[in-house]
Every structure is written in structure tokens, then in C-alpha cells.
Amino acid sequence: HQPISNETESIWVVLNGEIYNYQPLAEWLQQRGHRLKTSSDTEVIVHLYEELGEGCLDRLRGMFAFAVWDQSRSRLVVARDRLGVKPLFYYWDHHRLVFGSELKTLLAHPDVETSLDVRAVEMYLRYSYIADPHTIFEGIKKLPPGHYLTVEDGCLRIAPYWNGLLPDPI
């Protein structure tokens with residue numbers, strides 16, 4: 001049952017994947033006054049984002065691709081797990097962001113323009129894979145593992161959140 005929101009419906013999340021440590025995170029959030037409506041790992045992301053913003057990514061353990069819409073800031077945060085188990089593809093035309101865990105999701109969208117990326121084809125023929133952030137299509141990119149992107153004030157920004165080390169758990 002997604003998307004899931006916080007109590008005031010000002011923050012929403014959709015998740016593909018699993019958050020392995022969601023139970024201790026839920027307990028920590030409840031101690032801080034959050035009221036969780038479900039016992040799902042998805043809802044934990046909403047409340048953790050309320051507490052820590054993008055810093056919530058440091059606390060999550062699992063395989064995931066998710067998007068958080070922060071309505072009060074008109075801000076979208078999209079993130080991919082540290083090792084890239086769950087894929088995250090996106091298309092950005094400086095006016096809209098289309099994203100999904102499968103290429104076919106983006107290809108089905110009427111506003112996504114695609115053409116073959118010759119450099120990606122060459123990369124595939126040479127190395128038998130296409131390195132992030134490239135895909136076989138120009139304009140469609142893969143968010144690299146351990147990265148997140150934000151869309152705010154009409155600007156897309158991509159940043160890493162993981163340096164190879166795990167911080168102390170809650």
C-alpha cells in the first residue's frame with residue numbers, strides 16, 4: 001500500500017526493496033515521538049527523513065530504491081542502495097523527472113525521448129556491460145549505487161552518500 005505518508009501528509013515515500021534494520025529504526029523513531037501507522041519498512045523512511053533529511057540514508061541497511069516527496073519544501077529525493085542491488089533509472093529534461101526501477105517503465109512514458117547511445121553500445125561491445133550512469137539510451141541514466149538525487153527549484157543534483165564505510169547504527 002504505497003505511497004505512505006507521515007502524520008501530516010507533508011512527506012510521502014515509495015519504496016522498491018527492503019530495509020533490513022527497520023524495526024530498531026521504528027523503535028528509535030517512536031521514542032522520538034513519531035506515530036507509525038503501519039509496521040512496514042517503507043513508513044520508517046518517511047519518519048527517518050523527517051528527523052535527518054538526506055542523513056537518513058546513513059542509517060538504512062538494505063537493498064532499495066526509493067523516492068521521498070517533501071511537499072513543504074517542494075523537494076524530491078530519490079536514492080539507491082549502497083551496492084546497487086536495486087536499480088534506479090531516470091530521465092531528466094530540465095522540466096520533469098521520470099524514474100523507475102526498470103528501463104521499460106521509462107520507455108512507456110510518453111514524454112521520455114530515446115535514441116540509441118552509440119558510446120554505450122561501444123562500451124557494451126568492448127566490456128560486456130554499460131557502466132553507470134550510462135544506459136543503452138541517450139537521455140536515460142542510471143543512478144550510481146550509494147548515490148541520491150534531488151530535484152528542487154527546477155535543478156537536479158546528484159551526490160554520493162556512501163564512502164565505503166558504515167556509520168554506527170542507532
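**Note on the predicted model: charges, salt bridges and two loop residues**

1. In this predicted model, the protein chain carries 17 positive and 23 negative charges, and the mean positions of the two sets lie 3 Å apart.

2. On overall architecture, the protein chain is made up of five helices and 11 strands. Its radius of gyration is 17 Å, close to the 15 Å that the globule rule gives for 170 residues, so the chain is as compact as a globular protein of that length. The C-alpha trace spans about 55 × 35 × 25 Å along its principal axes.

3. On packing and surface, 44% of the 170 residues are buried. Of the contacts with a separation of 6 or more, 49% are between residues 24 or more positions apart. The accessible surface of the chain is about 9400 Å², and carbon and sulfur atoms contribute 51% of that surface.

4. The structure holds 10 salt bridges. One of them joins arginine 73 to glutamate 152, with 3.8 Å between the closest N and O atoms. This pair links distant parts of the chain, 79 residues apart: arginine 73 sits in the loop between strand E3 (62-70) and E4, and glutamate 152 in strand E10 (residues 147-152). Both partners are partly exposed, arginine 73 at 42% relative accessibility and glutamate 152 at 23%. The two also belong to a network of salt bridges that links Glu54, Arg73, Arg75 and Glu152.

5. A salt bridge also connects the side chains of arginine 96 and aspartate 111, at 3.5 Å from N to O. Arginine 96 is in the loop between E5 and strand E6 (97-100), and aspartate 111 is in the loop between helix H4 (103-107) and strand E7 (115-116), so the pair ties together parts 15 residues apart in sequence. Arginine 96 is partly exposed, with a relative accessibility of 35%; aspartate 111 is partly exposed as well, at 33%.

6. Aspartate 117 pairs with arginine 119 in a salt bridge whose closest N and O atoms are 3.8 Å apart. Here a buried residue meets an exposed one. Aspartate 117 has 2% relative accessibility and counts as buried because the cut-off is under 20%, while arginine 119, at 57%, counts as exposed because it is over 50%.

7. Aspartate 81 deserves a separate entry. This residue is in the loop between strand E4 (75-80) and strand E5 (89-92). Aspartate 81 is buried yet has no salt bridge, and the nearest side chain of opposite charge, that of arginine 80, is 5.3 Å away. That distance is outside the 4 Å limit for a salt bridge, so the two are not counted as a pair. With neighbours within four places in sequence left aside, aspartate 81 is in contact with Gly62, Met63, Phe64, Lys86, Pro145, Gly146 and Tyr161.

8. The last entry concerns tyrosine 20, located in the loop between strand E2 (11-19) and helix H1 (22-31). Tyrosine 20 is exposed, and its relative accessible area is 52%. Beyond its neighbours within four places in sequence, tyrosine 20 is in contact with Arg61, Gly62 and Met63. Of these, Gly62 and Met63 are also in contact with aspartate 81. Serine 40 is 20 residues from tyrosine 20 in sequence, and the C-alpha to C-alpha distance between them is 11 Å.

Methods
Residues numbered from 1 in each chain as written. Predicted model: local features only at pLDDT ≥ 70, side-chain atom pairs only at ≥ 80, totals over all residues. Heavy atoms only, no water. Helix = DSSP H or I, 4+ residues; strand = E, 2+ residues; numbered from the N terminus. Rg over C-alpha atoms; globule rule 2.2 N^0.38 Å. Buried < 20%, exposed > 50% of the residue type's maximum accessible area, 1.4 Å probe, protein only. Contact = heavy atoms within 4.5 Å. Areas by Shrake-Rupley, 256 points an atom, 1.4 Å probe, with all protein chains shown as cover. Lys, Arg positive; Asp, Glu negative; His and termini not counted. Charge placed at Lys NZ, Arg CZ, Asp CG, Glu CD.
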